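Trainee: Hi! Could you walk me through this model before I get lost in it?
Mentor: Happy to, let's put it on the screen.

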Amino acid sequence: MEVVRPEFVPDASLSHEDMEALQRGIAETAVFEDDLPVDPARVCGGSGGASEPATDDAQTSLADATDSGDAATATDSGVPAEAPPLVAGVDQAFVDDHAVSAVVLLRGGEVIERVYAVEPVEIPYIPGLLSFREGTAILSAFDALSRDPDLALVDGSGRIHFREAGIATHVGVTLDLPTVGVAKSLLCGAPRESLDRKLPQGARVAIEADGDVATAEPGTRIGDAVQTRQFENSDRYVNPLIVSPGHRVGADTAADAVLACAAGYKLPEPTRLADQYADEVKAEVREELD
DNA sequence: GCGACAG
DNA sequence: ATCTTGTCGC
């Protein structure tokens, strides 16, 4: 798919000041409410999501996958059955000075396409400016994708960001694609309840803007901590994921989508499979580098 | 000056 | 993110 807003394409040669200015523009353009082409409740596996105590039923097929032919959508029973939404997962891996961005596209829990791109990284990791380091590789991978996803889950923050323009928001606005940010730790903002305790699977704790979020009124809900997985018979516990709207998705739907895509692992399937694919590609790309 | 910070 | 053994839980 292609870039819809060229003015927001991440440019690593900008000064930090200009990068921040660009982020403010991105945040003003971003839509933090539902504006999806599909029913958010059906985003992933045809069945439910993770709300059930993890029995080891469908552990999902190992992704090797070439793909499938296109099955027609038409049904001959009375009502036209809509095909499940196309959900993409995005994640990166690094090899020396190169970023490997992987995008895995799923429909009803099935992998239908996988693409990747390798781009040299121009700048170091700087909290708050992550998209300027990884954005080029991500857009390059999306350019190789043959169809447009209905929704994409991106590793990292979306609205939970100092200027409400995390990597999920940056990518979403640039492509005008509905996105959700899925991070493993909190960049900024304040949980309304302590996260240092064992939360039950399916639980959500709102994250609100605090003084670190320069563009939002303190108290604004900018995302949630979401418990996609939890141990049953143990004193140990799994930390929640930090989920936030990227673009064209509200906080409730962002959390709904992540929980709907959870299949027994902490990470939702799209992101988990993209993470796995990025590692595979990394191993191969590792050699063809001088 | 100090703290604090996705991947 | 990346470098890694063992350990725990399901």
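Trainee: How many cavities of 30 Å³ or more are there?
Mentor: The count comes to one cavity of 30 Å³ or more. A cavity is found on a 1 Å grid over the protein atoms alone, as a set of points where a 1.4 Å probe fits but cannot get out. Rolling a probe the size of a water molecule over the atoms shows where empty space is left. Before we go on, this is a predicted model, where local features need pLDDT of at least 70, side-chain atom pairs count only at pLDDT 80 or more, and totals for chains, interfaces and linings use all residues. Residues are numbered from 1 along each chain as its sequence is written, chains are lettered from A and ligands numbered from 1 in the order in which they are written, and side-chain values use heavy atoms, with hydrogens and water left out.

Trainee: Got it. What is the volume of the largest cavity, and which residues line it?
Mentor: The largest cavity holds about 40 Å³ of space, where a volume is the space filled by probe spheres set on the grid points, joined across faces, edges and corners. Its lining is made of Asp91, Asp155, Val182, Lys184, Leu267, Thr271 and Asp275; a lining residue has an atom within 4 Å of a point.

Trainee: How does that lining split by class?
Mentor: Two residues are nonpolar, one is polar and four are charged. Here Ala, Val, Leu, Ile, Met, Phe, Trp, Tyr, Cys and Pro count as nonpolar, Asp, Glu, Lys and Arg as charged, and the others, Gly among them, as polar.

Trainee: Which residues does UniProt list for "binding site"?
Mentor: The unreviewed UniProt entry lists Asp91 and Asp155 under "binding site". UniProt positions are given in the numbering used here, feature names are shortened, and annotations may be inferred rather than shown by experiment. The two span 65 residues in sequence, yet their C-alpha atoms are no more than 5.6 Å apart, so they gather at one spot. Both Asp91 and Asp155 belong to the lining of the largest cavity.

Trainee: And is Asp91 buried or exposed?
Mentor: Asp91 counts as buried because its relative accessibility is 7%. Buried means under 20% relative accessible area, exposed over 50%, and partly exposed in between, with a 1.4 Å probe and protein chains only. Asp91 sits in strand β1.

Trainee: Nice. What does the secondary structure of chain A come to?
Mentor: Chain A has five helices and nine strands. Helices (H or I, at least four residues) and strands (E, at least two) are DSSP runs, numbered from the N terminus. Of the 290 residues in chain A, 49% are buried.

Trainee: Switching to the DNA: what surrounds strand B?
Mentor: DNA strand B has 15 residues around it, and the closest are Tyr125, Gly128, Asp155, Phe162 and Lys184. A residue is near a strand if one of its heavy atoms lies within 4 Å of it. Sugar and phosphate make up 50% of the strand B atoms within 4 Å of the protein.

Trainee: Which polar backbone atoms come up against its base nitrogens?
Mentor: Gly128 has one that is 3.1 Å from a base nitrogen of DNA strand B. For Ser157, a backbone N or O atom is also paired with a base nitrogen of that strand, at 3.1 Å, and for Ile167 the distance is 3.3 Å. A polar contact is a pair of N or O atoms within 3.5 Å; within protein, one must be able to donate a hydrogen and the other to accept it, and residues adjacent in sequence count only if both atoms are side-chain atoms.

Trainee: What about strand C, which residues are closest?
Mentor: Eleven residues surround DNA strand C, with Lys184, Glu232, Asn233, Lys282 and Arg286 the closest. Sugar or phosphate accounts for 93% of the strand C atoms within 4 Å of the protein, and bases for the rest.

Trainee: So where do the phosphate oxygens of strand C find Arg286?
Mentor: A polar side-chain atom of Arg286 lies 2.8 Å from one of them. Lys184 also places a polar side-chain atom 3.3 Å from a phosphate oxygen of DNA strand C. With Phe94, a backbone N or O atom lies 3.3 Å from a phosphate oxygen of that strand.

Technical notes. 1 Å grid on protein atoms, 1.4 Å probe; cavity = no way out; pocket = protein on both sides within 12 Å on 5 of 7 lines; lining within 4 Å.
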